[in-house]
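Visitor: Please take me closely through one part of this protein, the open sheet with the most to say about it and the helices around that sheet. Then place that part in the rest of the chain.

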Amino acid sequence: MNKITILWVDDEIDLLKPHIIFLQGKNYDVITSKSGQEALDELTRSRVDIVFLDENMPGISGLETLSEIKRMNSSLPVVMITKSEEEFIMEEAIGSKIADYLIKPVNPNQILLSLKKNLDHSRLVSEKTTSNYQQEFRKIAMDLTMANSYDTWDELYKRLIYWELQLEGIEDTGMFEILESQKVEANNLFGKFVENNYEDWFTDVTAPVMSHTLFKEWIEPELKGGPTLLVVVDNLRYDQWLAFEPHLASFYKKTKEDSYLSILPTATQYARNAIFSGLTPLDMEKKYPEWWKNDTDEGGKNLFEDKFLESQLKRLGLDLKWEYHKITSLRQGKNLSQNFKAQKDNDLTVIVYNFVDMLSHSKTEMEVIKELASNDKAYRSLTQSWFKNSPLLEIIQQAQAMGMKLIITTDHGTINVKHPSKVIGDKDTSTNLRYKTGRSLTYEEKDVVAAKDPKSMHLPSINMSSSYIFAKNDLFFAYPNNYNHYVGYYRNSYQHGGVSLEEMIIPFVVLEPK
């Protein structure tokens, strides 16, 4: 490992000999300069890791030298050392992005601490994070085998996401691979848990809040506290919500953060229609056949969300002034942002925002998006970048100024699919990669949660002998014909409709304006 090289710039450098000997004893190389100009010349010929810079020197001042160093190499850390505690000097130095600020006389331990903080910080954080996760790994592994309730799975999923976010910032790729394997194991066990319990949740009073009960259980109680903006971001995972959250901190304070369970299939036409109707897909088909469309029906499957919402509000006896907006393009988003003041007299304003869903589909179809969202870390980063520059954030800022409560949620999440599972069906079988419905489906039983009687899962039947299958973990369905091309095209794309923690355990957040 190369020694760390320090450039120490001070016109009284000879008086600092004991400090330099101390640092050399700690295995640092120290180059010295007696003036700003001498230091700048040294930087043109030597590789330096950090600069200690005296502020008060004859000739070029410390602040002037700092400015030149940053022009030469903006990422080189510079620690300013000064006798003066005058505020303007500190502000000038901090404004020039110094790494640290020390007041003379400095002792060797202060110097050592500054070096550790600026040069060893990432290594120390990495080692501590790795050590902590190694301890947590064993506990999570044990808890996974014992998880037998939705609340336990909710908590375990959030712990896995926490460690994913911690580990993605460190250099230990081996540890990250261990976490990925633990997520796979978690999804295997979660698939079995869903398989054993899903049907019972439709009648069990202790069932988790699900898509069709979300409005009545969690949204309706919030509507009594004044005007509310409900934002349903299509396809928003819990980790993506965590990436969005810091951008709201200036405007809103969080009063509730929870997760609810998306119904199966974890697909927009089922899950989002269920939110707005307050009904299961089977009940939607029975009560509102004019608004419900099955997979094989022609036309859009989510064209009547406002109608479903209107019927639910009436059923709940809620006499509200409300509006519904669906945003599927940048132009629509900007238009709503520019005219958002028109919502000021509403009790409830509902916005369905489709960007994240479109992004996941683009990830499959566009090479450039495949590059930009090659894994979950990049996918989070891309959605965060969109959100902080989006009309949606502008709308939320306006809502805060208008005193609106804010609810952010989604209809389902998404998962990066890695492995194909062969399925055979007739020409009327649905096309989704994470679930299939149709007659005479042939499939690998270990790979799926199956509903041979759709009514048991409160799903409509396309015909008398229809069944549903839902892919577990990170699998996607592929037909035997043209198999290799199909698999190559869809592998490592983001899909939804199946059974996974990422698709089913999804965020519900309530925020009050600051």
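**The mixed sheet and its surroundings**

Guide: The protein has 20 helices and 19 strands. This is a predicted model. Its C-alpha trace spans about 95 × 55 × 40 Å along the principal axes. Of its 514 residues, 53% count as buried. Take the contacts with a separation of 6 or more: residues 24 or more positions apart account for 73% of them.

Now the sheet. It is open and has 6 strands, in the order 7-19-10-6-9-8. The pairing is mixed. Strand 7 (252-261) and strand 8 (322-327) are the edge strands, and each pairs on one side only. From one strand to the next, the twist averages 15°.

Start at the strand 7 edge. Strand 7 runs antiparallel to strand 19 (residues 505-513), and 9 bridges join the two. One pair to find on screen is Tyr252 with its bridge partner Pro513 in strand 19.

Go to the other edge. Helix 14 (residues 330-338) packs on the sheet there, touching strand 8 and strand 9 (348-353). The direction of helix 14 makes about 150° with that of strand 8.

Next, follow the chain out of strand 7. Pro265 sits in the loop between strand 7 and helix 11. The peptide bond from Leu264 to Pro265 is cis, with omega near -10°. Most residues other than glycine have a negative phi, and most peptide bonds are trans.

Helix 11 (residues 268-277) packs with helix 13 (residues 305-315). Their axes lie 7 Å apart, at an angle of about 35°. Helix 11 brings Arg272, Asn273, Ile275, Phe276 and Ser277 to the contact. Helix 13 brings Glu305, Phe308, Leu309, Gln312 and Arg315. By type, the residues of this contact are 4 nonpolar, 3 polar and 3 charged.

Stay on helix 13. Which of its residues are buried? They are Glu305, Phe308, Leu309, Ser311, Gln312 and Leu313. An α-helix has 3.6 residues a turn, so residues three or four places apart point the same way. Keep that in mind when you read the list of buried positions. These buried residues pack against helix 9 (211-222), helix 11, helix 12 (281-287), strand 8 and strand 9. Strand 8 and strand 9 belong to the sheet we began with. They are also the strands that helix 14 touches. After helix 13 comes Gly317, whose phi is positive, near 70°.

Now for the rest of the chain. A further open sheet has 3 strands in the order 13-16-15, with antiparallel pairing. Its edge strands are strand 13 (435-439) and strand 15 (448-451). The twist there averages 20° from one strand to the next. Strand 15 and strand 16 (residues 466-471) share 4 bridges. Val448 stands opposite Ala471 in strand 16.

Just beyond, look at two asparagines. Asn473 lies in the loop between strand 16 and strand 17 (475-478). Its phi is positive, about 50°, although Asn473 is not a glycine. Asn482 lies in the loop between strand 17 and helix 19 (483-490). Its phi is also positive, near 55°. Are these two buried or exposed? Asn473 has 5% relative accessibility and so counts as buried, under the 20% cut-off. Asn482 has 57% and so counts as exposed, over the 50% cut-off.

Earlier in the chain, look at strand 4 (residues 78-82). It is largely enclosed by the rest of the structure, because 5 of its 5 residues are buried. Val78, Met80 and Thr82 lie on one side, Val79 and Ile81 on the other, and both faces are covered. Strand 3 (residues 50-54) pairs with strand 4 in the parallel sense, over 4 bridges. Asp54 stands opposite Ile81. A cis peptide bond joins Lys104 and Pro105, with omega about -5°. Pro105 lies in the loop between strand 5 (100-103) and helix 5 (108-119).

Last, a pocket. The second largest pocket holds about 390 Å³ of space. Its lining has 24 residues, and Phe176, Glu180, Lys183, Asp376 and Lys418 lie nearest its centre. Helix 7 (150-167), helix 8 (173-197), helix 17 (376-388) and strand 11 (415-417) each give two or more residues to that lining. Helix 8 gives the largest share, 6 residues. By type, the lining is 5 nonpolar, 7 polar and 12 charged.

Terms used. Residues are numbered from 1 along each chain as its sequence is written. This is a predicted model: local features need pLDDT of at least 70, side-chain atom pairs count only at pLDDT 80 or more; totals for chains, interfaces and linings use all residues. Side-chain values use heavy atoms; hydrogens and water are left out. Two strands pair if DSSP finds at least two bridges between them. Axes are lines fitted to C-alpha atoms, for helices over the stretch in contact, and angles run from 0 to 180 degrees between N-to-C directions. Contact means heavy atoms within 4.5 Å. Ala, Val, Leu, Ile, Met, Phe, Trp, Tyr, Cys and Pro count as nonpolar, Asp, Glu, Lys and Arg as charged, and the others, Gly among them, as polar. On a 1 Å grid over the protein atoms alone, a cavity is a set of points where a 1.4 Å probe fits but cannot get out, and a pocket is an open set with protein on both sides within 12 Å along at least five of seven lines; lining residues have an atom within 4 Å of a point. Grid points are joined across faces, edges and corners, and a volume is the space filled by probe spheres set on the points. Buried means under 20% relative accessible area, exposed over 50%, partly exposed in between (1.4 Å probe, protein chains only).
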